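Subject: The structure we talked about

Hi,

Here is the structure I promised to pass on, with some notes on what turned up in it. Have it open while you read, and take your time.

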Amino acid sequence: MRLVLIRHAHSQHSQHGLIADLRGCTGLTDVGVQQAHVLANRLHISAEWQECAVVLASPVRRACQTAGILAHSLSRQPLREDADLRELLPGAADGMSWADYQARYGLFDPVAEPDRPFAPGGETWNGFLTRVQTTLHRLAAQYHGQTIVVVSHAGFIVASLLVLFAIPRPGTDARFEPRHTSITVWERAADSWCLERYNDTWHLDQEQLLKRAG
C-alpha cells in the first residue's frame with residue numbers, strides 16, 4: 001500500500017491564531033485556495049496517483065476544501081471523509097484563540113504531561129499518537145496493495161513519523177514542520193513501512209520562481 005499524505009493548504013484559523021476543529025474552522029484563505037490549485041495542476045500534469053483507489057480527507061473544513069480542489073486531478077471516485085484523520089482533538093477549546101486557551105487552561109506540554117487532555121472533552125497526546133497509529137494500520141489493511149491519497153493536518157503527518165519510527169519525545173528543540181500542501185509518502189510492504197518522501201513542496205517553489213521571473 002502506498003499512502004500519500006498531503007497537508008491542507010493555508011487556512012484562516014492559522015492566520016488568526018485560532019484553535020480550530022470541526023466547529024472553529026472557517027476554511028482556507030485566498031492564498032490557501034491558490035496553493036491547492038497549484039498542487040492540483042502539478043498532479044494533473046504529472047499524473048501522479050491519478051488512478052489512486054480513493055481520496056480521503058479529514059472532515060475539518062480546511063482539509064475537505066483542499067481535498068475537493070485536488071480530487072478531480074486524482075481520481076474519478078468520490079471524496080470520502082474519515083474522522084480519524086483529524087488533528088489532536090481540542091474538545092472545549094475548539095474555536096478559541098491560543099491566547100485565550102493559555103489564559104484558561106495553561107500551556108499544553110505533551111512531553112511533560114502526555115496524558116493530560118488538551119481541554120475538557122479533548123484528546124491527550126498519547127491518545128492522539130495511538131489514534132494515528134491505529135488509523136495507519138487500518139488503512140494499510142483496508143487498501144492493501146493500492147495507492148490512496150489522504151488530505152490531513154500537520155499534526156497527523158508529524159505523528160505518523162513519530163509512531164512509525166518509534167521516535168521518543170525527549171523535549172529537544174528539533175521538530176518536523178510539514179508545509180501547507182506538502183506531500184509525504186509512505187509505502188507499506190512485507191509488514192514494514194518505508195518513508196519515500198517527506199515535505200515535498202516542489203509545486204510551491206516553482207510557483208514562486210515563476211512569479212519572480214515574471
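Which strands and helix do the buried residues of α5 pack against? Please keep in mind that this is a predicted model. The partners are the strands β1 (2-7), β2 (54-57), β4 (147-152), β5 and β6 (192-200), together with helix α6.

Let's stay with this helix for a moment. Helix α5 covers residues 125-142, and its 18 residues should span 26 Å at 1.5 Å a residue; the end C-alpha atoms are 26 Å apart, which agrees. Its buried residues are W125, F128, L129, R131, V132, T135, L136, L139 and A140. Looking down the axis of α5, you would find them within an arc of 165°, so they line one face of the helix. A general point helps here: an α-helix has 3.6 residues a turn, so residues three or four places apart point the same way.

Next, the salt bridges. The count comes to 14. One of them joins D21 and R86, with the closest N and O atoms 2.4 Å apart. D21 sits in the loop between α1 (12-15) and α2 (30-46), while R86 sits in the loop between β3 (79-81) and α4 (98-105), so this pair ties together parts that are 65 residues apart in sequence. Are these two residues buried or exposed? D21 has a relative accessible area of 7% and R86 has 13%; because buried means under 20%, D21 is buried and R86 is buried too.

Helix α5 comes back in another salt bridge: R138 pairs with D82, the closest N and O atoms being 2.8 Å apart. R138 belongs to helix α5 and D82 to the loop between β3 and α4, so the pair links parts that are 56 residues apart in sequence. Here R138 is partly exposed at 30% relative accessibility, whereas D82 is buried at 10%.

For a salt bridge with an exposed partner, look at R175 and E177, whose side chains meet at 3.8 Å, N to O. R175 counts as exposed, at 70% relative accessibility, and E177 is partly exposed, at 42%. Elsewhere, R42, E48, R197 and D200 are joined into one network by salt bridges that share partners.

Now for F176, which lies in the loop between α6 (154-164) and β5 (183-189). F176 is partly exposed, with a relative accessible area of 32%. Together with F165 and I167, F176 forms a nonpolar patch on the surface, with about 250 Å² of accessible area.

H153 is another loop residue, placed between β4 and α6. How buried is H153? Its relative accessibility is 1%, so H153 counts as buried. Beyond its neighbours within four places in sequence, H153 is in contact with R7, H8, S58, V60, R62, A63, L85, R86 and E87. You will recognise R86 from the salt bridge with D21.

Last, two backbone angles to look up. Most residues other than glycine have a negative phi. W49, although not a glycine, has a positive phi of about 60°; W49 is in the loop between α2 and β2 and is buried, at 13% relative accessible area. N199 is not a glycine either, and has a positive phi of about 55°. N199 lies in strand β6 and is partly exposed, at 21% relative accessibility.

Enjoy exploring!

Best wishes

Technical notes:
Residues numbered from 1 in each chain as written. Predicted model: local features only at pLDDT ≥ 70, side-chain atom pairs only at ≥ 80, totals over all residues. Heavy atoms only, no water. Patch = residues over 30% accessible without salt bridge, like charges linked within 9 Å, V, L, I, M, F, W, Y side chains within 5 Å. Areas by Shrake-Rupley, 256 points an atom, 1.4 Å probe, with all protein chains shown as cover. Salt bridge = Lys/Arg side-chain N within 4 Å of Asp/Glu carboxyl O. Helix = DSSP H or I, 4+ residues; strand = E, 2+ residues; numbered from the N terminus. Buried < 20%, exposed > 50% of the residue type's maximum accessible area, 1.4 Å probe, protein only. Expected span 1.5 Å × (residues − 1). Arc of directions from axis to C-beta. Contact = heavy atoms within 4.5 Å.
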